[in-house]
Amino acid sequence: MHSLNRILQKISYGIYKVFFVFATVTFAALLTMLLANVFSRNFLTGSITEVEEFSKFVFTWMMFMGISIGVYHKKHLGVEFVVEKYPQKVRRAFVLISDILTMVLFLVLTVYGFKYSFSTMKMYSPILHISYGMVYLCIPLCGIFSLFYCVARIVDDFCQAAEKGGDKT
C-alpha cells in the first residue's frame, strides 16, 4: 500500500507541476493580451476583438485548471473551524466524508462536463471559429484530475493513519 501511495503522490506532484506551469504561462499570456488590448483601445483605433474572445477562453481554462491546483493543495471549501473541535478520530471521519463528497461533486462535474463539451463541439465562436466544445473540455478535465487528487489524498491519509497506528503498538 505504501508503494502505491508513493507512486500516486509522485504522479500527483507531476500533474500539479504541469498545471502550475500551464497556469503561470496562461496568466502571463492573458495579462499580456489584456494589456495590449487596453493599449489598443486607449491609444490606437479600438479594441482587438480576437484578443477579447481568446482571453475569455484562456481565462476559462486557467480558472478550471486552478481549481485542480486548489484541490491538490487541499484548499477547497471546508469547515475546518468546526472540525478542529473534535477528537482526532472524528476529524479523520470528517475529512473522509468531505473527500467523498468532493469526489461526488467532481464526478458529476466530469460526467456533465463531457456531455456539455460534446454537445457544443459543433458550435464555433463567432470571431476565432474555435469550437466551444474544445473550450468547455476544461470542465471534465478539471473533474478528472481533481478526482485523481482526491483519491491520492484518501490513500495518503490511510497510509499515514496506518503508520501512526503502527508506531503506537
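Asp-99, Thr-102, Phe-106, Thr-110, Gly-113 and Ser-117 are the buried residues to look for in helix α4. Keep in mind that this is a predicted model. From α4, the tour below moves on to helices α1 and α2, then to two single residues, Ser-12 and Ile-130.

**Helix α4**
- α4 runs over residues 88-119.
- With 32 residues at 1.5 Å a residue, α4 should span 46 Å, and its end C-alpha atoms are indeed 46 Å apart, so the two values agree.

**Helix α1**
- α1 takes in residues 2-43, which makes 42 residues.
- At 1.5 Å a residue you'd expect a span of 62 Å; the end C-alpha atoms sit 60 Å apart, which agrees.
- Quite a few α1 residues are buried, among them Asn-5, Leu-8, Ile-15, Tyr-16, Phe-19 and Ala-23.
- Further along α1, the buried list also includes Thr-26, Leu-30, Met-33, Asn-37 and Ser-40.

**Helix α2 and how it meets α1**
- α2 covers residues 49-72.
- Its 24 residues reach 35 Å from the first C-alpha to the last, close to the 34 Å expected at 1.5 Å a residue.
- α1 and α2 pack at an angle of about 150 degrees, and their axes are 9 Å apart.
- Angles over 145 degrees count as roughly antiparallel, so that label fits α1 and α2.
- Sorted by class, the α1 contact with α2 has 19 nonpolar, five polar and two charged residues.
- As for handedness, α1 and α2 make a left-handed crossing.
- Just after α2 comes Lys-74, which takes a positive phi of about 60 degrees.

**Ser-12, a buried spot in α1**
- Ser-12 is part of helix α1.
- Its relative accessibility is 2%, so Ser-12 counts as buried; the cut-off for that is under 20%.
- Leaving aside residues up to four places away in sequence, Ser-12 touches Tyr-72, Phe-148, Tyr-149 and Ala-152.
- One of those partners, Tyr-72, belongs to α2, which spans residues 49-72.

**Ile-130, out in a loop**
- Ile-130 sits in the loop that links α4 to α5, and α5 covers residues 132-136.
- Ile-130 has a relative accessibility of 27%, so it counts as partly exposed.
- Phe-54 and Ile-130 are 76 residues apart in sequence, yet their C-alpha atoms are 9.2 Å apart in space.
- Ile-130 touches Phe-54 and Phe-57, along with Met-123, Tyr-124, Ser-125 and Val-135, again skipping residues up to four places away in sequence.

Key: Residues are numbered from 1 along each chain as its sequence is written. This is a predicted model: local features need pLDDT of at least 70, side-chain atom pairs count only at pLDDT 80 or more; totals for chains, interfaces and linings use all residues. Side-chain values use heavy atoms; hydrogens and water are left out. Helices (H or I, at least four residues) and strands (E, at least two) are DSSP runs, numbered from the N terminus. The expected span of a helix is 1.5 Å times one less than its number of residues. Buried means under 20% relative accessible area, exposed over 50%, partly exposed in between (1.4 Å probe, protein chains only). Axes are lines fitted to C-alpha atoms, for helices over the stretch in contact, and angles run from 0 to 180 degrees between N-to-C directions. Angles under 35 degrees count as roughly parallel, over 145 as roughly antiparallel, 65 to 115 as roughly perpendicular and the rest as oblique. A crossing is left-handed if the near helix is turned anticlockwise from the far one by less than a right angle, and right-handed if clockwise. Ala, Val, Leu, Ile, Met, Phe, Trp, Tyr, Cys and Pro count as nonpolar, Asp, Glu, Lys and Arg as charged, and the others, Gly among them, as polar. Contact means heavy atoms within 4.5 Å.
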